Amino acid sequence: MPTSAPPPGAVTTVVVVTWRGADHVTDCLDGLAAQDRPHRTLVVDNASDDGTAALLARHPSRPRVIRLRRNAGYAGGLAAALAHVETPLVAWLNDDAVPAPGWLGALEDTLAGDARLGAVGSVLRLPDGSVQSAGVRLTADGHGADATALPPEHRPFGFCGGAVLLRTETLRRVGGVPADFFCYYEDTDTAWRLRLAGSDIAVCPDAVVSHRHGASSRPGSPLFHRWNERNRLLMLLRCAPAAVAARELARFATLTAVLPLRRARRAGPAVPEAANFRVSLRCRVLADVAARLPSTLRQRAEVRRGSVRSRGDVWRRWAGQ
């Protein structure tokens, strides 16, 4: 579709990935149009079939749109967009997030103020005003978990990928976005690779977005849990110390094996009803990881070649904080 010329002085391309976003993507684009910094807007439409394309075509901000032939997920959409980014900075923004007018300016100023930073995350607030994410912490078992309070010195382990600003060439240098993740953990995986490559990460308390969490996905659904469990294990295999990755993979497989016995004998702790404790789903996760293991180990070697910090150093500094 035709687009207007990029505004003078724009140093950031804001990438919005949408799928069936007709109910909320206009609010997101309105929020971007109200920013007090010039920028380019690039929307990746994941083959939406709900009228999203027509909304994008008539939005007054006239964003550039890349329409994919199939739904490649959030990670796949971000990866597809990266090849089209020509600005030194790139922002990721969920299509169900509405940035405050000073959001982009606060992120750009924070990144410009510290050359060591590879990424600056935002504070994501739910519609009721509560904090969904003020950065991402790395748990003792290798999960990426949203922090709901600002970390010391505003330096978390990672960032929520729903609203973040990154240095474009730094992102490319560490391998871009793991498109095969489809959804979830692409942000924590990216944070791992940035830290291994020597970059720091911050969260900016003045960069605020309102987030309708789950408007484009179904948190708690079987697919949500499958992507989360699979991608956490793939991330650890790609980025974490070998002992940690092997331990967590073995723990996942062992729990999968004993769950039927626990249920049959009613022995040990009660088994949660969540979908990620269904044996069939967990077996699917293990099959997914096994099928991807050769390529994941090749990616692990690529991550190592681009690292200036050891995996062990990053793990000891951040895990369990």
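This section describes the overall build of the chain, then two helices and three loop residues. The model is a predicted one.

The secondary structure comprises ten helices and eleven strands. The radius of gyration is 20 Å, close to the 20 Å given by the globule rule for 321 residues, so the chain is as compact as a globular protein of that length. Along the principal axes, the C-alpha atoms fill a box of roughly 65 × 45 × 40 Å. Of the 321 residues, 51% are buried. Contacts were also considered by separation in sequence. Among those between residues at least 6 apart, 76% join residues at least 24 apart.

The accessible surface of the chain amounts to about 14,200 Å². Carbon and sulfur atoms account for 54% of that surface. The chain carries 42 positive and 30 negative side chains. The centres of these two sets are 8 Å apart.

Helix H3 spans residues 73-82 and is mostly covered. Eight of its ten residues are buried. They are Gly73, Tyr74, Ala75, Gly76, Gly77, Leu78, Ala81 and Leu82. The cover over these buried residues is drawn from several elements. Strands E1 (12-18), E2 (40-45) and E4 (89-94) are among them. Helix H5 (168-173) and helix H6 also contribute to this cover.

Helix H6 covers residues 186-196. Eleven of its eleven residues are buried, so H6 is largely enclosed by the rest of the structure. The buried residues include the charged side chains Glu186, Asp187, Asp189, Arg193 and Arg195. Also buried in H6 are Thr188, Thr190, Ala191, Trp192, Leu194 and Leu196. Just after H6, glycine 198 adopts a positive phi of about 100°.

Two loops flank this helix. Tyrosine 184 is located in the loop between H5 and H6. Its relative accessible area is 19%, and tyrosine 184 counts as buried because the cut-off is under 20%. Tyrosine 184 and glycine 161 are separated by 23 residues in sequence. In space, their C-alpha atoms are 8.7 Å apart.

Serine 199 lies in the loop between H6 and strand E11 (200-211). With a relative accessibility of 12%, serine 199 is also buried. Beyond residues up to four places away in sequence, serine 199 touches Arg116, Gly118, Thr170, Leu194 and Arg309. One of these partners, Leu194, is among the buried residues of H6.

Arginine 155 was examined next. This residue sits in the loop between strand E9 (144-146) and strand E10 (163-167). Its relative accessible area is 24%, so arginine 155 is partly exposed. With residues up to four places away in sequence set aside, arginine 155 touches Asp114, Arg116, Leu117, Asp200, Ile201, Ala202 and Trp318. Arg116 is thus a contact of arginine 155 and of serine 199. Three of the partners, Asp200, Ile201 and Ala202, fall within strand E11 (200-211). A polar contact joins the side chain of arginine 155 to the side chain of aspartate 114, at 2.9 Å. Glycine 129 is 26 residues from arginine 155 in sequence. The C-alpha atoms of arginine 155 and glycine 129 are 22 Å apart in space.

Note on methods. Residues are numbered from 1 along each chain as its sequence is written. This is a predicted model: local features need pLDDT of at least 70, side-chain atom pairs count only at pLDDT 80 or more; totals for chains, interfaces and linings use all residues. Side-chain values use heavy atoms; hydrogens and water are left out. Helices (H or I, at least four residues) and strands (E, at least two) are DSSP runs, numbered from the N terminus. Buried means under 20% relative accessible area, exposed over 50%, partly exposed in between (1.4 Å probe, protein chains only). Contact means heavy atoms within 4.5 Å. A polar contact is a pair of N or O atoms within 3.5 Å; within protein, one must be able to donate a hydrogen and the other to accept it, and residues adjacent in sequence count only if both atoms are side-chain atoms. The radius of gyration is taken over C-alpha atoms; the globule rule is 2.2 Å times the number of residues to the power 0.38. Accessible areas come from the Shrake-Rupley method with a 1.4 Å probe; for residues, only the protein chains shown count as cover. Lys and Arg count as positive and Asp and Glu as negative; His and the chain ends are not counted. The place of a charge is taken as NZ of Lys, CZ of Arg, CG of Asp or CD of Glu.
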